[in-house]
Amino acid sequence: EDIWLDQCFIRFAGVQRAWSWQLLVEDHCDNWPNWRSCQDWNRVSFHPFKDVWQYKACVERAEAVRNSSTEDNISRKAAQDSERRA
């Protein structure tokens, strides 16, 4: 599906490819340890997970990281706002 989508965009939709290597973790291209953990906040995609259960587990781990980071940011902002008011 990844090759097909890439080629479909290029050939039929006229989309130009823009490389942002830091956004995708690809087990065939990167030598990134623990890529299957799906817990790098700086990445938007982890590939390939060809099995639906492995994919769902990856999404759950990534969402847990995102949620904890969001909660940390909210807590940090609330603390900063409280300090400003004091």
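In the predicted model, Asp40 has a relative accessibility of 16% and therefore counts as buried, the limit for that class being under 20%. The residue lies in the loop that runs between strand β1 (24–26) and strand β2 (45–47). When residues up to four places away in sequence are left aside, Asp40 touches Trp32 and Phe46.

A second buried position, Val65, was examined together with Asp40. Val65 belongs to helix α2, which spans residues 52–85. Its relative accessibility is 17%, so Val65 also falls under the 20% limit and counts as buried. The C-alpha atoms of Val65 and Asp40 are 7.8 Å apart in space, while 25 residues separate the two in sequence. Not counting residues up to four places away in sequence, Val65 touches Gln39 and Trp41.

Over the whole chain, the secondary structure consists of two helices and two strands. Their order along the sequence is α-β-β-α. The chain has 86 residues, of which 15% count as buried. Among contacts in the chain with a separation of 6 or more, 20% are between residues 24 or more positions apart. The exposed area of the chain is about 7200 Å², and carbon and sulfur atoms supply 54% of this area.

In soluble globular proteins, nonpolar side chains tend to be buried together. The largest nonpolar core in the model has six residues, namely Val25, Trp35, Cys38, Phe46, Phe49 and Cys58. Phe46, a member of this core, is also one of the residues touched by Asp40. Trp35, another core member, touches Val25, Phe46 and Phe49, and in addition Asp27, His47 and Pro48, again not counting residues up to four places away in sequence. Val25, Phe46 and Phe49 are likewise listed in the core.

Nonpolar side chains also occur at the surface. Trp4, Leu5, Phe9, Ile10 and Val15 form a nonpolar patch there, and together these residues have about 480 Å² of accessible area. Within this group, Val15 is placed in the loop between helix α1 (2–12) and strand β1. Val15 counts as partly exposed because its relative accessibility, 39%, lies between the 20% limit for buried residues and the 50% limit for exposed ones.

How values were computed: Residues are numbered from 1 along each chain as its sequence is written. This is a predicted model: local features need pLDDT of at least 70, side-chain atom pairs count only at pLDDT 80 or more; totals for chains, interfaces and linings use all residues. Side-chain values use heavy atoms; hydrogens and water are left out. Helices (H or I, at least four residues) and strands (E, at least two) are DSSP runs, numbered from the N terminus. Buried means under 20% relative accessible area, exposed over 50%, partly exposed in between (1.4 Å probe, protein chains only). Contact means heavy atoms within 4.5 Å. Accessible areas come from the Shrake-Rupley method with a 1.4 Å probe; for residues, only the protein chains shown count as cover. A nonpolar core is a set of buried Ala, Val, Leu, Ile, Met, Phe, Trp, Tyr and Cys residues joined through side-chain atoms within 4.5 Å. Patches are made of residues with over 30% relative accessible area and no salt bridge: like charges are joined within 9 Å, nonpolar side chains (Val, Leu, Ile, Met, Phe, Trp, Tyr) within 5 Å. A salt bridge is a side-chain nitrogen of Lys or Arg within 4 Å of a carboxyl oxygen of Asp or Glu.
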